[in-house]
Amino acid sequence: MTKKKVVVVGNCQARPIAALLEQMSDQVEVIKVAIVHLLNKTNEEEYRQAFRDADFIIAQLVAPNYPCEFVRTVALKELYPKKVITIVNLFYAGYTPDWFYIRRPNFGTLRGPMGDYHNKTIFKAWLERKTKSEAMALVTDKSFNSQEYLPIVHKSLVELKNREQEADVKIAYYIEENYLKRRLFFTFNHPSKELLVEYTKQVLIFLDIIVTVDSDIDMREPLNQFIPQVNVAVPISIDRADNYKGSSVLTVDGWNVDVHGSEIYSLRGLVDVFYSIYSQNETELDLLSKNLL
């Protein structure tokens, strides 16, 4: 049997989708995975050959102004119109509407105990010079969080539905039906294995390729390095974790925060570390805060 040769183009979700394609169908051979944020023009010829050899190019939607031109969706469709099958970047803030990035121009993203992710409530509390206990109280206050963040929960699903209108393969319906029953995202851009499996299944169905395995997939959770608690205002029916899975903070030298490995934090421990990092970057963060929030 001749297998269909496939290239997968996307962000950190591309590798697990590529692995699942081969696990879930014996008719697929993934010949290349293009992680778009790791590529630039110097990589173009290497990937052009893979694109030419492929039967299908499964590509996350990439904006027309993306810096790496050859992975833009419009560029791929222009060169390989019959090969490109578009999918969305799986992004949903419904579990963690209170988490965000802190970026400083020319210095990149500030890291911390949850990698690149920061809790907006804790950050705001630090900016307002609230005590750590006050910050913790706000994080666990259902009324406060409902007022502050529930609109984001609903808006994020609407935004995903709108984005996937441009994609060939849909998935928002599955999230809408199941997000309160099971945790489908660890962070807003790190979906669970269950969701990745379901989306891969829908890709195979769209391509009219037989799905030979769709349960008991031999894969650990690929994107669960960081697991914040589900926001207290989100009415999930699953058990809520009472801790946060993150990384150990080894050193803090201003904006340079060295994190490594895995560590489980209580809310108190998380607040302690965040406050320490923010205090060492007080001047920069005070200046940035108006653009961040």
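In what follows, two residues are said to be in contact when they have heavy atoms within 4.5 Å of each other. Good morning, colleagues. The structure before you is a predicted model, and I shall speak about three helices and then about two pockets.

I begin with α4 and α5. Helix α4 covers residues 120-127, and helix α5 covers residues 132-139. Which residues bring α4 and α5 together? On the α4 side they are T121, I122 and A125, and on the α5 side A135, L138 and V139. By class, this contact comprises 5 nonpolar residues and 1 polar residue, with no charged residue. As for geometry, the two axes come within 9 Å and cross at roughly 145°. The crossing of α4 and α5 is right-handed.

Helix α4 also packs against α6, which spans residues 142-163. Here the angle is about 105°, and the axes lie 12 Å apart. Why is α4 described as roughly perpendicular to α6? The reason is that angles from 65 to 115 degrees are counted as roughly perpendicular, and the angle between α4 and α6 is about 105°. From α4, the residues that make this contact are K120, T121 and K124; from α6, they are F144, N145, E148 and Y149. The contact of α4 with α6 has 2 nonpolar, 2 polar and 3 charged residues. T121 deserves a remark, for this residue of α4 takes part in the contact with α5 and in the contact with α6.

I turn now to the pockets. Rolling a probe the size of a water molecule over the atoms shows where empty space is left. The largest pocket has a volume of about 910 Å³. How many residues line the largest pocket? There are 33, and those nearest its centre are N11, H37, Q60, N89 and N189. Divided by class, the lining of this pocket has 15 nonpolar, 13 polar and 5 charged residues.

The second largest pocket holds about 300 Å³ of space. Its lining consists of 14 residues, with F91, A93, P97, W99 and I152 nearest the centre. Two elements give two or more residues to this lining, namely β5, at residues 99-100, and α6. Which element gives the most to the lining of the second largest pocket? It is α6, with 4 residues. By class, the lining of the second largest pocket has 8 nonpolar, 2 polar and 4 charged residues.

To close, I return to α6: this helix packs with α4 and also contributes to the lining of the second largest pocket. Thank you for your attention.

Key: Residues are numbered from 1 along each chain as its sequence is written. This is a predicted model: local features need pLDDT of at least 70, side-chain atom pairs count only at pLDDT 80 or more; totals for chains, interfaces and linings use all residues. Side-chain values use heavy atoms; hydrogens and water are left out. On a 1 Å grid over the protein atoms alone, a cavity is a set of points where a 1.4 Å probe fits but cannot get out, and a pocket is an open set with protein on both sides within 12 Å along at least five of seven lines; lining residues have an atom within 4 Å of a point. Grid points are joined across faces, edges and corners, and a volume is the space filled by probe spheres set on the points. Ala, Val, Leu, Ile, Met, Phe, Trp, Tyr, Cys and Pro count as nonpolar, Asp, Glu, Lys and Arg as charged, and the others, Gly among them, as polar. Axes are lines fitted to C-alpha atoms, for helices over the stretch in contact, and angles run from 0 to 180 degrees between N-to-C directions. A crossing is left-handed if the near helix is turned anticlockwise from the far one by less than a right angle, and right-handed if clockwise.
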